[in-house]
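Got the viewer open? Here's a short walk through the structure, with something to select at each stop.

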Amino acid sequence: MTDNNRLSPNSLAFIALSNEYCEAIENARETTADDFVNSMIRLLPRLYISASDLKQPFGAVDGYIDDSLDEDSYDSLRRTIEMLLGEDDAYLEVFEEDMKYSDTPIAASVAEDLCDIFQVLYNFLETAKDSTEETVADALALISEDFGQYWSRPLCNVLRALNRIKYKQD
């Protein structure tokens, strides 16, 4: 194997952070709300930096990331986090495109945003697990593209909401 085929240190760090994030979400029921919020506040910025630093290959990447997380598991995790956070789960979404046309605030859910990110990372990890280095590299390219197009925005938004919860800002 040549050095060109090896995963970069940032790719390996991203995989480790993805795993740590998924474990934190899966173990939410076994923690307190304060500890959970603190954990998310520590993990989300690191995930953002690591995902934004992933090297994107030139040209299209073949392949896809299978949907490994079933709807019941997603809903169970979402409900667990909703119950853990209670009334702090809801926050106002100010960056929604439709907001500029609406007189009514648009509510979002911390639990739903965290689980949406979890779903992306869980599916990635399931694809990467026991795969060849080439398959992992392709999955990293796909998740990097998906980060820019989709899950970077909820990550930033939910971090703002978690900051409000941690410091009890209204």
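The tour starts with the whole chain and then moves to a helix pair and two single residues.

**Stop 1: the whole chain**

Keep in mind that this is a predicted model. Show everything as a cartoon and colour by secondary structure: there are 5 helices and 2 strands. Trace the chain from its start and you'll meet them in the order α-α-α-β-β-α-α.

Now switch on a surface. The accessible area is about 10,200 Å², and carbon and sulfur atoms account for 47% of that. Of the 170 residues, 38% are buried. If you like contact maps, look off the diagonal: taking contacts between residues at least 6 apart in sequence, 80% link residues at least 24 apart.

**Stop 2: α3 against α4**

Select residues 71-85, which form helix α3, together with residues 110-128, which form helix α4. How do you describe such a pair? Two packed helices are characterised by the angle between their axes and the distance separating those axes. Here the axes come within 8 Å and cross at roughly 145 degrees, and the crossing is right-handed.

Turn on side chains to see who does the touching. From α3, pick Y74, L77, R78, I81, E82 and L85. From α4, pick V110, A111, E112, L114, C115, D116, F118 and Q119. Colour that set by class and you get 9 nonpolar, 1 polar and 4 charged residues.

**Stop 3: A108 in strand β2**

Next, go to residues 106-109, strand β2, and pick out A108. Is A108 buried or exposed? It counts as buried because its relative accessibility is 18%, and the cut-off for buried is under 20%.

Which residues touch A108, once neighbours within four places in sequence are set aside? They are D89, A90, Y91 and E93. While you're here, put a distance label between the C-alpha atoms of A108 and A161: it should read 9.5 Å, for two residues 53 apart along the chain.

**Stop 4: N157 in helix α5**

Keep E93 on screen, since A108 contacts it, and add N157. You'll find N157 in helix α5, which covers residues 133-167. With a relative accessibility of 4%, N157 counts as buried.

What joins the side chains of N157 and E93? Zoom in on the pair and you'll see a polar contact of 2.7 Å. So that you leave with a picture of E93, show both partners together: A108 in contact with E93, and N157 joined to E93 through side chains.

Technical notes: Residues are numbered from 1 along each chain as its sequence is written. This is a predicted model: local features need pLDDT of at least 70, side-chain atom pairs count only at pLDDT 80 or more; totals for chains, interfaces and linings use all residues. Side-chain values use heavy atoms; hydrogens and water are left out. Axes are lines fitted to C-alpha atoms, for helices over the stretch in contact, and angles run from 0 to 180 degrees between N-to-C directions. Helices (H or I, at least four residues) and strands (E, at least two) are DSSP runs, numbered from the N terminus. A crossing is left-handed if the near helix is turned anticlockwise from the far one by less than a right angle, and right-handed if clockwise. Contact means heavy atoms within 4.5 Å. Ala, Val, Leu, Ile, Met, Phe, Trp, Tyr, Cys and Pro count as nonpolar, Asp, Glu, Lys and Arg as charged, and the others, Gly among them, as polar. Buried means under 20% relative accessible area, exposed over 50%, partly exposed in between (1.4 Å probe, protein chains only). A polar contact is a pair of N or O atoms within 3.5 Å; within protein, one must be able to donate a hydrogen and the other to accept it, and residues adjacent in sequence count only if both atoms are side-chain atoms. Accessible areas come from the Shrake-Rupley method with a 1.4 Å probe; for residues, only the protein chains shown count as cover.
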